[in-house]
Amino acid sequence: MSDRDTHDDLDDLKSLFEGVETPAPEASKKAEALALAMKNFDRLQETSAQARPTSERPKTGLFKGVRQMIANLPTRGILTASTALAAIAMVAVLPALREQPVLPQGGLGGLYSSEGAAPEAEREVPMDDVVMEPVVVEEAPAFTLNDLQASAPPQPQAAPRAKTLNAAPQSGYSGGLTSLSGGAASPMPVPAPLPDRYVAPEGDTEAFPDADANPIKVTAEDPVSTFSVDVDTASWSVIRNSLNRGMLPPDGAVRIEEMVNYFHYDYPAPVADQPFSTNVGVSDSPWREGTQLVHIGLQGAEVVERKPLNLVFLIDTSGSMNEPSKLPLLVQSFRLMLDQLQPEDSVAIVTYAGSAGRVLDPTPASERETILAALNNLQAGGGTAGQAGLQQAYATAAEMTEEGDVSRVILATDGDFNIGISEPDALKDYIAKQRDSGTYLSVLGFGRGNLDDATMQALAQTGNGMAAYIDTLPEAQKVLVDQLTGTLFTIADDVKIQVEWNPAQVAEYRLIGYETRALNREDFNNDKVDAGEVGAGHQVTAIYEITPVGSDARMTDPLRYGANPVASGSDELGFLRLRYKAPGEEVSQLIETPILSDAAPLAEADWATAIAGFGQLLQGSDVIGDWSMGDAIALAQASKGADPYGYRQEAITLMRLADSLQR
């Protein structure tokens, strides 16, 4: 095409817009041109799917077809078509746009801009969240360049109406886009802000038992101390978890007896048919000159040949368990445990969230893949229907139990019970009614933030079981692999300790720890009163601090009108009594041992003392005077001894960390 031809076309078009009179159009040519244009347009559409524009360009629909049609036209055709479209736009669209309200600053850029993030007030709405309806335009006359030249100027007329373009309401977006109709349009609603991707966690709702430290007691006034044994270790794990997170442990999380009992001690094994050995030692106190420490150590017998085991995994799958340190760690922990079971053992799985259900019927432990598949399919979500879960678990255990079997429910949870029974006292009453069935209950805690340690303690203590807190896979290895027989097989029920101190030798005493295990004096001989259990191979350590008569370290004054203790030639500091029941028995048996003033210290007593001192420092005790964390560290380093698994070295590291945090 020559430059002359192009110049002539432009001059002709210019004359058209200047109002040059032209002949009237021929109707037949107009209809023929319109039909041809529509045919070409339809052919060039690649899909009949609903148009879905993006922030960059539309992939299908009207505008893509126009682009492809233009791409296939020669240069002269492009000029002709684009000019025709411009003319149509001025005739048909501009009148409608004049009636539209003024858009907010930025116009539609806040929705479709691809130039970068829109200002906060015009936050971009992702197009995936907006469903667009296709624009449907009523048929308008379409002309070729020759038709335009041959036609008279069009008379003013109403602009074609376009279908309203609305966005269906979606999450994070309400309202629609501005109407493109030719009539009065409603104001364009401002899109609601989209929810942030990060959801802040709920506030800390952890709960721990509330108990004051045991006070110093005057022997002449109150010579008898009674408590239930405790083999739980949850406190130590919670303390470790807190310190490793750069925080001192919460109030109530520090239970000194659980800290001391976390570690193994070299106590002699029991003889004959006794379920455990009883050992007593006396040593000087490192934190108060003039006082002494009395260590009482019990060593449980090992199981030589164990009975078939029925396990019901009662797993909390509520929404609060949806964290890596909760349900995923729980599943990994149970995987470790499965390798320790024997073919004659059986496993069932009950879960509870908004409601309870059995996801695995009683299955032989030899079918490991079946059990693993059930564990791996667990997902967290919903409320925490603890009561329903416990009921289902106990019913399942009863179904599995045969004569001579050992049955145990293992509750794995963060302790957050919020549906059904949720108060510790109410849960305690419910479990108390179930323990007579012979099914034991152990509790494994997972995660932080909403750890209800108080509820877990109440369940384990009342359900004739133990409580542990698992914050790492190595801790799961310790509890569910290394100490599995002690965790699952009980050798003595309702174990109680009572010490009567000799007022002629001991002026004052205090029990270090066991605040949540205190019993009344009369409870010792009452076989209906529940107490703690001792598992196979388990150890129990209790420490008393005593002040000998005549010592300057005495914290209380003698009563002016009180009777002086009768002098005695006995060298006994006190007398130890211990009651326990054989598993399944209802009548307790009694063991008695004198506490002699010249008793040698127990093996590894200094390590237990260092840990007890560490606990008192974490509690902020004012009884230990100027004794410091540095003193505890020094004593622990000097008494670490054999440490095959590194637990004691880890304790020293935690002491140093606590010292830094306290400073």
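## Salt bridges, a five-strand sheet and some unusual residues

A search of the whole structure turns up 25 salt bridges, a salt bridge being a side-chain nitrogen of Lys or Arg within 4 Å of a carboxyl oxygen of Asp or Glu. Please keep in mind that this is a predicted model, in which local features need pLDDT of at least 70, side-chain atom pairs count only at pLDDT 80 or more, and totals for chains, interfaces and linings use all residues. Residues are numbered from 1 along each chain as its sequence is written, and side-chain values use heavy atoms, with hydrogens and water left out.

### The chain as a whole

The protein chain holds 19 helices and 16 strands. Both kinds of element are DSSP runs numbered from the N terminus, helices being H or I with at least four residues and strands being E with at least two. Of its 663 residues, 45% count as buried. Here buried means under 20% relative accessible area, exposed means over 50%, and partly exposed is in between (1.4 Å probe, protein chains only).

Among contacts in the protein chain with a separation of 6 or more, 78% are between residues 24 or more positions apart; contact means heavy atoms within 4.5 Å. The protein chain exposes about 33,100 Å², and carbon and sulfur atoms supply 51% of that area. Accessible areas come from the Shrake-Rupley method with a 1.4 Å probe, and for residues only the protein chains shown count as cover.

### Three salt bridges in detail

Here are three of the pairs, with the distance from N to O.

| Pair | Distance |
|---|---|
| E206 and R448 | 2.6 Å |
| E399 and R358 | 3.0 Å |
| K581 and D494 | 3.0 Å |

Let us begin with the salt bridge between E206 and R448. This pair links distant parts of the chain, 242 residues apart: E206 is in the loop between helix 7 (145-150) and strand 1 (217-218), while R448 is in the loop between strand 9 (440-446) and helix 14 (453-462). E206 and R448 are both buried.

Next comes the salt bridge between the side chains of E399 and R358. E399 lies in helix 12 (residues 386-400) and R358 in strand 7 (residues 356-364), so this pair ties together parts that are 41 residues apart in sequence. E399 counts as exposed at 52% relative accessibility, and R358 counts as partly exposed at 29%.

The third salt bridge joins K581 and D494. It connects distant parts of the chain, with K581 in strand 15 (residues 572-581) and D494 in strand 11 (residues 490-501), 87 residues apart. Both of these residues are buried. Elsewhere in the list, salt bridges that share partners join R240, D471, E475 and E650 into one network.

### An open sheet and its helix

Five strands form an open sheet with antiparallel pairing, in the order 1-12-14-4-3; two strands pair if DSSP finds at least two bridges between them. Strand 1 and strand 3 (276-284) are the edge strands, each pairing on one side only. Strand 12 (residues 506-512) and strand 14 (residues 539-548) are antiparallel partners over six bridges, and V506 stands opposite P548 in strand 14.

Helix 17 (residues 605-619) lies across strand 4 (292-300), strand 12 and strand 14, running at about 110° to strand 4. For this angle, axes are lines fitted to C-alpha atoms, for helices over the stretch in contact, and angles run from 0 to 180 degrees between N-to-C directions.

### Residues that deserve a second look

Most residues other than glycine have a negative phi. A272, although not a glycine, has a positive phi of about 55°. A272 lies in the loop between helix 9 (256-260) and strand 3 and is exposed, with a relative accessible area of 78%. D494 from the third salt bridge also has a positive phi, near 45°, but D494 is buried, with a relative accessible area of 11%.

Which residue of opposite charge has the nearest side chain to D523? That residue is K496, 6.8 Å away, and D523 is buried yet has no salt bridge. For charges, Lys and Arg count as positive and Asp and Glu as negative, while His and the chain ends are not counted. D523 is placed in the loop between strand 12 and strand 13 (532-535), and not counting residues up to four places away in sequence, D523 touches K496 and V529.

Finally, Q461 lies in helix 14 and is buried, with a relative accessible area of 16%. Leaving out residues up to four places away in sequence, Q461 touches T516, R517 and D530.
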